[in-house]
Amino acid sequence: MLSEEKNRTLTQVGPGTPMGDYLRRYWQPIAGESEFDDKPIKTLTLMGEDLVLYKDLSGTYGLMDRRCPHRNADMSYGYVEQSGLRCSYHGWQFDQQGGCLHQPYEDTCDPTGRMRSKTRIKAYPVVAKAGLLWAYLGPLPAPQLPDWELFNYKNGFAQIVCAEIPCNWFQCQENSIDPVHFEWTHNNWTLRQQSDDVDYVPTHLQLAFDEFDYGFVYRRLREGEASDDVMWNVGRVTLWPNGFYLGHHFEWRVPIDDHRTLSILWVFSRVPTEQEPYVQDKIPTWYGPIKDPVTGRWITSHVANQDFVVWVGQGAITDRTREHLGQSDRGIVMMRRRFFEELDALREDPGHVPKGLILDPEKNHDVFLPSACRDELIQGLDREQLAAHPLLGPYLKDFFGQAGQPPHVRAAYEQAVGQKMNGAQFFAVHGSRR
Ligand code: FES
Ligand SMILES: [Fe+2]
């Protein structure tokens, strides 16, 4: 249980709030590069700030305030130029650093450009990596954008899967350190959606949570599992501050504002060795629906959707004064405590380096994170081994990660792995274990 005040501290993300300023110290994934294949401009809200993300005619990405500093016109209706974005009202043009390149009429009246040199628009750095666009909204200089090892694995098909979730980011992130929910939110719920006459999956017996540089590792032992099981020996990573790493995919919970979160999955599927060498020409991005248009209820069929349902069900900003934490919540308690320590440290010492930031470019190559399927993803598996693999095999049958995979992504995946997916069988046979 937390006080109302502490709950506010964890959940408020606007500029000038303790958590908002803290999260701004980290690069955040905000969109997919492929979203700019057919348009140059996208509006988005990040941590309460209304912004415009664009790709200019030279192919450079930028992120700036949605309001023009001249008379507040909407920059998302501007047009991209060779460098930067031009407002469609009076033609003021701004570059990626927020400098003003052109004020057509003012420049004519005052060719020395004194007013122009004083005019700035709020702008933030954007970098493309792993098919994602990443933004940094904190004080400069920016830290390194982490070069996680998984981004560099070969012979794989990656896809970026997004959804806008109508609740606060922190309850989404608490799910990244909540092992027991796999049993009930995913395994058993999936089975029960098939039939009332099922045996529940083996229950959790033991949990362990350990902090490390880039977050926490949590491990679990279920009934019938030996102590050399990878989920006990290796586990999963609660990636600091708002990510989750499951060995073959990442999840991020990026605050849009206090009441909305952008969920981004980055899913890597190693192709069978028979398909090698495989080089993916472009990482696709897609947005899945979260509501069933017929019933108006949340979609419950896929793993991420099941997560969304429980997060949103907790309330737009869950009321932590009402909760009753138990033994299964030990990780959540550790994570909250760590955030409070970090916020205190930053308040007392503005020079405090937030947890897990990589500052040294020399240390930012293939950064290692524990993974229960690392060897398999690096070395590869033949088709038969891959199909039998408990974590990776199910992806050959269906994309059960999130509802709504577009046909063209499915087709590209099937071509990459060299076989057709056969859908529903997976849920009937296995439940959504991951
Ligand atoms: S409002 Fe943007 S140039 Fe005038
Ligand atoms: Fe989950």
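**Figure 1. Thr43 pairs with Val52 in strand 3 of a predicted model.** Val52 is the bridge partner of Thr43. Further along, Ile41 is bridged to Tyr54 of strand 3. Strand 2 and strand 3 (residues 49-55) run antiparallel and are joined by 6 bridges. Two strands count as paired if DSSP finds at least two bridges between them. Strands themselves are DSSP runs of E with at least two residues, helices are runs of H or I with at least four residues, and both are numbered from the N terminus. The hairpin of strand 2 and strand 3 has 2 residues between the strands, and Met47 takes a positive phi near 45° there.

Residues are numbered from 1 along each chain as its sequence is written, and chains are lettered from A and ligands numbered from 1 in the order in which they are written. As the model is predicted, local features need pLDDT of at least 70 and side-chain atom pairs count only at pLDDT 80 or more, while totals for chains, interfaces and linings use all residues.

**Figure 2. Strand 3 continues into a hairpin with strand 4.** The two strands pair in the antiparallel sense over 5 bridges. Val52 has Met64 as its bridge partner in strand 4. Between the strands lie 5 residues, and Gly59 in the turn has a positive phi of about 90°. Strand 3 is mostly covered, with 6 of its 7 residues buried. A residue is buried if 20 or more other C-beta atoms lie within 10 Å of its own, exposed if 12 or fewer, and partly exposed in between; C-beta atoms are placed from the backbone.

**Figure 3. An open sheet of 4 strands runs in the order 2-3-4-9.** Its pairing is antiparallel. Strand 2 (41-46) and strand 9 (123-124) are the edge strands, each pairing on one side only. Strands of a sheet pair through backbone hydrogen bonds, either parallel or antiparallel.

**Figure 4. Strand 1 is mostly covered and pairs with strand 11.** Strand 1 spans residues 28-32, and 5 of its 5 residues are buried. It is joined to strand 11 by 4 bridges, and the two run antiparallel. Gly32 has Leu132 of strand 11 as its bridge partner. UniProt lists residues 27-135 as "domain: Rieske" in an unreviewed entry; its annotations may be inferred rather than shown by experiment, and its positions are given in the numbering used here, with feature names shortened. Over residues 27-135 the chain is 10% helix and 39% strand. The end C-alpha atoms of this stretch are 6 Å apart.

**Figure 5. Two loop residues, Ala130 and Asn72: one is buried, the other exposed.** Ala130 is found in the loop between strand 10 (126-129) and strand 11 (132-135). It counts as buried because it has 20 C-beta neighbours inside 10 Å. Leaving aside neighbours within four places in sequence, Ala130 is in contact with Phe151, Trp266 and Ile283. Contact means C-beta atoms, placed from the backbone, that lie within 7 Å. Ala130 and Asp147 are 17 residues apart in sequence and 9.2 Å apart in space, C-alpha to C-alpha. Asn72 lies in the loop between strand 4 (61-65) and strand 5 (79-80). Asn72 is exposed, with 12 other C-beta atoms within 10 Å. From Asn72 to Gly156, 84 residues along the chain, the C-alpha separation is 45 Å.

**Figure 6. Helix 9 has a buried side and an exposed face.** Helix 9 (residues 330-348) has 19 residues. It reaches 27 Å from its first C-alpha to its last, close to the 27 Å expected at 1.5 Å a residue; the expected span is 1.5 Å times one less than the number of residues. Gly331, Ile332, Met335, Arg336, Phe339 and Glu342 are buried in helix 9. These residues cover an arc of only 135° around the axis, so they lie on the same side of helix 9. The arc is that of the directions from the helix axis to the C-beta atoms. The face turned away from the buried side carries the exposed residues Arg337, Glu341, Asp344 and Glu348. Packing partners of the buried residues include helix 1 (4-11), helix 5 (169-174) and strand 14 (215-222).

**Figure 7. Helix 8 packs through its buried residues.** These include Asn305, Asp307, Phe308 and Trp311 of helix 8 (residues 303-313). They pack against strand 12 (156-165), helix 5, helix 6 (180-194) and strand 18 (260-270). Gly315 follows helix 8 and has a positive phi, near 105°.

How values were computed:
Two residues are in contact if their C-beta atoms, placed from the backbone, lie within 7 Å.
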